[in-house]
Amino acid sequence: MKFVDMALARRLELAGHPDVFPEAGTEVSAIAGARDGSVRILVGGGVAEFRGLNSPVTQAEGLGLNGPVSDAEFERLEEFYRSRGSAVFMEVCPMADTSFVEALGKRGYRVIEFSNMLIREIDMPDLLPIPPGITIRSAEPGESRVFAEAVTRGFSDHFEPTEELIDTIQDFFSGPGLVPYLARIDGKIVGGGTLGVRKGIAGLFGTSTLPEFRGRGVQSALISARLADGRKAGCDMAMSVTQPSSGSQRNLERQGFRVVYTRTKFTREWS
């Protein structure tokens, strides 16, 4: 297992944004492949995205990993969200600059969630076989809606999926550098997930299984298929983010992933 130094932490924190590069500048820009109104800025060494109110991926990531974040950068970040009627949501790596974390407290941010960053070397000959009866393949262009509905249903155990959430999942399908996968049992779609490739890291995102098909190896099969394709794409490392002690974390650890740090999610709302 590689030692997670600052350079690797930066790679991991931006792995979910395969089309973001520092030379892109700092102006507000549209997110390629996303629905209308989805925009981002590069700020504080990281990226802040707005993909709609109440979207789980309307948030900032990677800030504070290039040193202190100035008051001017904080103001630009906060105005980006405030002008769109959104609270600020921010995933913070524990390796972020100490002064940046202190500033979050002074500016009225509060903690709302934790998540674990897991990684593994990708060139390891220990992928679990895909169980008989389960097939995994990349989704066809015309299957974006089918993919989004399946993944959203897998996330929505206790509530009816909204059109807004389905639209958010479709962003995973169409974004640059992202490849969606569908899992089937006896021809029936039972789950899905996305592979993102950025600077040698294979990111495993948006993975879910329909509740009635859990416990049959679907998520492990999705992990194996995407790891194999990440290896073919020349990646040296794979990463994923899960809720602590979740079934997803357990499935990833069975495939050689290990928790390397825990991220903290902060928010600031406007009165």
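**Salt bridges, helices and a few odd loops**

Glu 212 counts as partly exposed, at 47% relative accessibility. Here "buried" stands for under 20% relative accessible area, "exposed" for over 50%, and "partly exposed" for anything in between, with a 1.4 Å probe and protein chains only. The model is a predicted one, with local features needing pLDDT of at least 70 and side-chain atom pairs counting only at pLDDT 80 or more, while totals for chains, interfaces and linings use all residues. Residues are numbered from 1 along each chain as its sequence is written, and side-chain values use heavy atoms, leaving out hydrogens and water.

Back to Glu 212: its partner in a salt bridge is Arg 153, with 3.6 Å between the closest N and O atoms. A salt bridge, for the record, is a side-chain nitrogen of Lys or Arg within 4 Å of a carboxyl oxygen of Asp or Glu. This pair links distant parts of the chain, as Glu 212 sits in the loop between β10 (201-209) and α6 (218-232), while Arg 153 belongs to helix α4 (residues 144-155), 59 residues apart. The helix and strand labels are DSSP runs numbered from the N terminus: H or I over at least four residues for helices, E over at least two for strands. Like Glu 212, which is partly exposed, Arg 153 is partly exposed, with a relative accessible area of 41%. Elsewhere, Asp 71, Glu 75, Glu 78, Arg 107 and Arg 268 are joined into one network by salt bridges that share partners.

Searching the whole structure turns up 20 salt bridges. One of them brings together the side chains of Glu 75 and Arg 107, at 2.9 Å from N to O. Glu 75 lies in helix α2 (residues 71-82) and Arg 107 in the loop between α3 (98-106) and β6 (110-121), so this bridge ties together parts that are 32 residues apart in sequence. Glu 75 is partly exposed at 40% relative accessible area, whereas Arg 107 is buried at 17%. Another bridge pairs Glu 143 with Arg 137, the closest N and O atoms being 3.0 Å apart. In this case the acid is the buried partner, with Glu 143 at 14%, and Arg 137 is partly exposed at 33%.

Now for the helices. Helix α4, the one holding Arg 153, has 12 residues and spans 17 Å from its first C-alpha to its last, close to the expected 16 Å at 1.5 Å a residue. That expected span is 1.5 Å times one less than the number of residues in the helix. Among the buried residues of α4 are Phe 147, Ala 148, Val 151 and Thr 152. An α-helix has 3.6 residues a turn, so residues three or four places apart point the same way.

In helix α7 (residues 247-254), the buried residues are Gln 249, Asn 251 and Leu 252. Viewed down the axis of α7, these fall within an arc of 165°, so they line one face of the helix; the arc is that of the directions from the helix axis to the C-beta atoms. They pack against β6, β10, α6, β11 (237-242) and β12 (258-268). Just after α7 comes Gly 256, with a positive phi of about 95°.

Helix α6 also holds Ser 224, a buried residue at 5% relative accessible area. Setting aside residues up to four places away in sequence, Ser 224 touches Leu 127, Leu 128, Ile 130 and Gln 255; a contact means heavy atoms within 4.5 Å. Pro 129 is 95 residues from Ser 224 in sequence, yet the two C-alpha atoms are 7.3 Å apart in space.

Two loop residues that aren't glycine have a positive phi: Asp 186, near 50°, and Ser 245, near 60°. Asp 186 sits between β8 (178-185) and β9 (188-198) and is exposed at 74%. Ser 245 is in the loop between β11 and α7 and is exposed at 69%.

Finally, the chain as a whole. Its secondary structure adds up to 7 helices and 12 strands. The radius of gyration is 18 Å, close to the 18 Å from the globule rule for 271 residues, so the chain is as compact as a globular protein of that length. This radius is taken over C-alpha atoms, and the rule is 2.2 Å times the number of residues to the power 0.38. Buried residues make up 52% of the 271. Of the contacts with a separation of 6 or more, 69% involve residues 24 or more positions apart.
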